[in-house]
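Hi,

Here is the structure I said I'd pass on. Have a look at it first, and my notes are underneath.

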Amino acid sequence: MKKNSATRLRKIRTWQPGKKDCELVLPLKNKESNVSLIDLASNDYLGLSQNPELIEAAHSTMLSEGLGAGGSRLVTGSRPIHNKLEKELSEWLEVDKVLLFPSGFQANIAAVNILANRHTTVIADKLIHHSLLVGIKASGTRIKRFAHNNINDLEKLIKECIQVKPNYRPLVITESLFSMEGTCPNLKKIAALCRSYKAMLLVDEAHAIGVLGDKGRGMCFGISDPITMISGTFGKAFGSGGAFLATNHEIGEQIIQASGAFQYTTALAPPLAAGALAGLKLIKKNPHWMQTLQKDSLSWRTALLKEGWTTSKGIGPIIPLILGTDNESLSKQRQLEANGLLTIAIRPPTVPEGTSRLRIVIRKNLPTNTLKKFIHHLGEKK
Ligand SMILES: Cc1ncc(COP(=O)(O)O)c(C=O)c1O
């Protein structure tokens, strides 16, 4: 096992739900200290994991269909709820085909392995998620990284790649809302670039789906240039678990016929699929949720910048407070936690060296005065 310094050691801490003190916001409790904490850390952006409609949908599906699917989609695991969720998602996102996966990590591995083989060059943003890197490694492709959200650098790499391998389409990979940076790329420009060089484009919408874009349909929605594939998860804004890939008919069929990550895994548990479908219905019905979340996120960013803290430019609910050292991030985490506010210190290798940070997640319906309380307990900048 690799040796880590004390500030890099990972520990599993267990959080238990506390008593609800306001609509849809569940305070978490640290099991050891029993202190009730406002959750400014999880990806349950809309509080849907606690929503009674999702819980009821999952419960009734569990009673009628059982807990697990008991088989893969191609053997005995496919249920009407899977088809229903795939159909509703494909209509909502206006794509040909949606296929479900048990997790976003797995969906990303499947996505890369369907779009790339050992002849392909993958050109990926420097900060893409670990699951995509695992997929790239498994596919045996060459990888080139472009500077985070830097279109010029991306274009330079695409050109180089086409010169070396004119007969192979490169695969460009990025995310629509970066999970540790809170930043969004200019996807319109990236899609146009990919079209002009005939490159494929895979976009991980894990953090944006249900939160950003037209009525929460993600940042790819409405872009006229083709996006080869989108991956999304139900484990974040959708308040459930599982994930999906959205693509055209042809590639969708390739996934069914040739993706081991789709074929050889137990189908998404039916109660989770039912929960995700109930989440989708609520997201469709409440577009104002996304507007409020974005407005609140802007207020937090503005207030933190006004207090002199360093954060990223962004529109979504992920706000990194860049502190630099591991010690500073861990000490701020402890300080806030002691005062009932939960944010997590994110350290290298999850983020680049020298950029340890607190990852603040703004959620729907935070108790009033949370921002004021946060700024107060954050204390002085060193
Ligand atoms: C950008 C990104 N993609 C994919 C995943 C994986 O999703 P899941 O949690 O459904 O496995 C995550 C989860 O942390 C993520 O942040």
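**Around the ligand**

Of the 14 residues that surround the ligand, the ones that come nearest are Ser-103, Gly-104, His-129, Ala-206 and Thr-233. Keep in mind that this is a predicted model. Sorted by class, the shell around the ligand is made up of 9 polar, 3 nonpolar and 2 charged residues. If you want to know which helix or strand gives the most to that shell, it's helix H3, covering residues 104-115, with 3 residues.

**Strand E7 and its neighbours**

I also went through strand E7, which spans residues 171-175. It is mostly covered, with 5 of its 5 residues buried. In a regular strand, side chains alternate between the two faces of the sheet. Here, Leu-171, Ile-173 and Glu-175 point one way from E7, while Val-172 and Thr-174 point the other way. All of them are buried, Glu-175 included.

E7 has strand partners too. Strand E5 (residues 121-125) runs parallel to E7 and is joined to it by 3 bridges; in this pairing, Ile-123 is opposite Val-172 of E7. Strand E8 (residues 200-204) also runs parallel to E7, with 5 bridges between the two, and there Leu-171 is opposite Met-200 of E8. To get from E7 to E8 the chain passes through helix H6 (residues 187-197), giving a right-handed β-α-β crossover.

That's what I have for now. Shout if anything is unclear.

Cheers

Methods: Residues are numbered from 1 along each chain as its sequence is written. This is a predicted model: local features need pLDDT of at least 70, side-chain atom pairs count only at pLDDT 80 or more; totals for chains, interfaces and linings use all residues. A residue is near a molecule or strand if its C-beta atom, placed from the backbone, lies within 6 Å of it. Helices (H or I, at least four residues) and strands (E, at least two) are DSSP runs, numbered from the N terminus. Ala, Val, Leu, Ile, Met, Phe, Trp, Tyr, Cys and Pro count as nonpolar, Asp, Glu, Lys and Arg as charged, and the others, Gly among them, as polar. A residue is buried if 20 or more other C-beta atoms lie within 10 Å of its own, exposed if 12 or fewer, and partly exposed in between; C-beta atoms are placed from the backbone. Two strands pair if DSSP finds at least two bridges between them. A crossover is right-handed if, with the strands pointing away from the viewer, the path from the first strand over the helix to the second runs clockwise.
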